[in-house]
Amino acid sequence: MSGGLFWAPRAWIDGRWAESVLLRAGDDGHWAELRTGTAAPPQAEVLAGPLLPGLVDAHSHAFQRAFAGLAERRETEHDDFWSWRDRMYRVALRITPEQLRAVAAQLFAELLQGGYTQVCEFHYLQHDSDGRPYADPLALSWALADAAADIGIGLTMLPVLYERAGFGSPRLREDQRRFATDADAVLALQRGLQSSGRPLLNAGVAIHSLRAAAPASIARLVESLGKVPIHIHVAEQIAEVDDCLKATGQRPIEWLTRHAPLDARWQLVHATHSTRDEIDALARSGAGVVICPSTEGNLGDGLADLPGWLDAGVPMAIGSDSHVARAWPEELRWLEYGQRLRHRQRNVCASPAAGEPATAARLFNRALQGGGGAAGFGRWGLMVGARADLLVLDTQDAALLGVPAERLLDALVFSSPGRPFRDIMVAGRWTLRAHRGNGDDTAARFAAAMQALWQQP
Ligand SMILES: [Zn+2]
């Protein structure tokens, strides 16, 4: 059953803590009423701790969970993003729909426990391992949607336009055969997902990158698209910036701002290598960026100009991408630590001049708002009309124990808690209670899938 009346001693509303909060979730799974400074009425369920809204994980490749922690040895003289990608493809080529469902269910359970209540899946694995289409072109999409439904997390599916191996190459490489799509195929996948009628599932589209899709195909994909998210990998790697310059005379973000009909639907994933002019042009367009700090660190991508994006007011979301980390406090911490290491200063992302001295709060508020937009939601967070999602903080967690209430978010991000969220609600239903989630056999199925995946030659 969804819906109900809840009361908490404090909750994160309008970007800050509010006290004595009453919340009513409607039968439609959205917040129908929110009141602050009010005593708990007898019929309300009193929640076990302070409340935060759930965040959106705005960039995921679920199958890569099967690879996390397994690319951390350097066996040749040089190891970079491209050698990592070759190894990652070996998993991509092997995984079956059943294995994908098992891997994704484990991932989604971990993401939920890590404080995400919605995931944007940048989904480019479409065909059977020999490259032939499945009888149902959405076979692997349903594996992901079933996994999300099993766990009770929201899912934004983004089928990916992926048609060539590079700027100068008309087609994909042999080891990219499972990814092949064109604009019409992506639109058909998007429509099939959007019209499924499944609760907690919506769909937009993605473009793998400028190197992987021709300008005419990008134009065809987006020309008739409605108000749905459009995600694209951009400027993650210096080699990609150089290739784009060589092929078009422009840098990738620059090219997009001049040639794509950018607006608030568009999300530029990574946007690691940017210039001041590119940031300003993107700010004028209304498009957002999705930064994936743990993966960008793991892959040696480089550091985004985070102060530049934040100060320009560009919407910012975070993504766990390759899933080497699966909790948002860790992503926010690395967002800030990257900048501290670069600038040799502290609290780089805070803005006392703008009345935002708390680094964690500024990053959290940006990721909250940017994430909702990246998943295609007009309203997101603890507000009337938004989906009734919440996280109940476990103030008995070692990192939060004894922390003054107004500093809980700071400690949550910067003091490395173990299991900070005690209870989690998605769309008015409890999906985690006292740290226990749905799906008792999730871990066992994942372990079996891992064993099968890693035993094969
Ligand atoms: Zn990605």
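Contact here means heavy atoms within 4.5 Å. With that cut-off I looked up the contacts in the protein with a separation of 6 or more, and residues 24 or more positions apart account for 72% of them.

**Ground rules**

I am working on a predicted model, where local features need pLDDT of at least 70, side-chain atom pairs count only at pLDDT 80 or more, and totals for chains, interfaces and linings use all residues. Residues are numbered from 1 along each chain as its sequence is written, and side-chain values use heavy atoms, with hydrogens and water left out.

**Overall fold**

I looked up the secondary structure next and got 14 helices and 18 strands. These are DSSP runs numbered from the N terminus: helices are H or I with at least four residues, strands are E with at least two.

Then I checked the radius of gyration, taken over C-alpha atoms, against the globule rule of 2.2 Å times the number of residues to the power 0.38. A compact globule of 457 residues would come out near 23 Å, and the protein has 21 Å, which agrees. Along the principal axes, the C-alpha atoms fill a box of roughly 65 × 50 × 45 Å.

**Surface and charge**

I pulled the burial numbers: 58% of the 457 residues count as buried. Buried is under 20% relative accessible area, exposed is over 50%, and partly exposed is in between (1.4 Å probe, protein chains only). The protein exposes about 18,300 Å², with carbon and sulfur atoms supplying 50% of it. Those areas come from the Shrake-Rupley method with a 1.4 Å probe; for residues, only the protein chains shown count as cover.

For charges, I counted Lys and Arg as positive and Asp and Glu as negative, leaving out His and the chain ends. I placed each charge at NZ of Lys, CZ of Arg, CG of Asp or CD of Glu. The mean positions of the 46 positive and 53 negative charges are 1 Å apart.

**Zinc site**

Which residues coordinate the zinc ion? I found His59, His61 and His233, each through NE2, at 2.1 to 2.2 Å. Donors are N, O and S atoms within 2.8 Å of the metal (3.2 Å for Na, K and Ca); water is not among the atoms, so sites may look incomplete. In sequence the donor residues are spaced H-x1-H-x171-H.

I also looked up accessibility for two of the ligands. His59 is buried at a relative accessible area of 0%, and His61 is buried too, at 3%.

Ser209 touches one of these ligands: not counting residues up to four places away in sequence, it contacts Ile232 and His233. Ser209 sits in the loop between β10 (205-207) and α5 (215-223) and is buried at 0% relative accessibility. I also took its C-alpha distance to Ser83, 126 residues away along the chain, and got 18 Å.

**Positive phi**

Most residues other than glycine have a negative phi. I noted two residues that go the other way. Leu200 has a positive phi of about 65°, and it is found in the loop between α4 (183-194) and β9 (201-203). Is Leu200 buried, exposed or partly exposed? Partly exposed, with a relative accessible area of 30%.

Ala235 has a phi near 55°. Its place is in the loop between β11 (230-234) and α6 (238-248), and at 0% relative accessibility it counts as buried.

**Other residues I checked**

Gly69 lies in the loop between β6 (55-60) and α1 (81-94). At 51% relative accessibility, Gly69 counts as exposed. Its C-alpha is 6.7 Å from that of Val324, though the two are 255 residues apart in sequence.

Arg10 is in strand β1 (residues 4-13) and is buried, with a relative accessible area of 11%. What does Arg10 contact, leaving aside neighbours within four places in sequence? The list includes Trp17, Glu19, Pro50, Leu51, Ala405 and Glu406. I also looked at Arg10 and Pro357: they are 347 residues apart in sequence and 20 Å apart, C-alpha to C-alpha.

Last entry: Gly338, in helix α11 (residues 328-343). At 8% relative accessibility, Gly338 counts as buried. The C-alpha atoms of Gly338 and Ile151 are separated by 32 Å, with their positions 187 residues apart along the chain.
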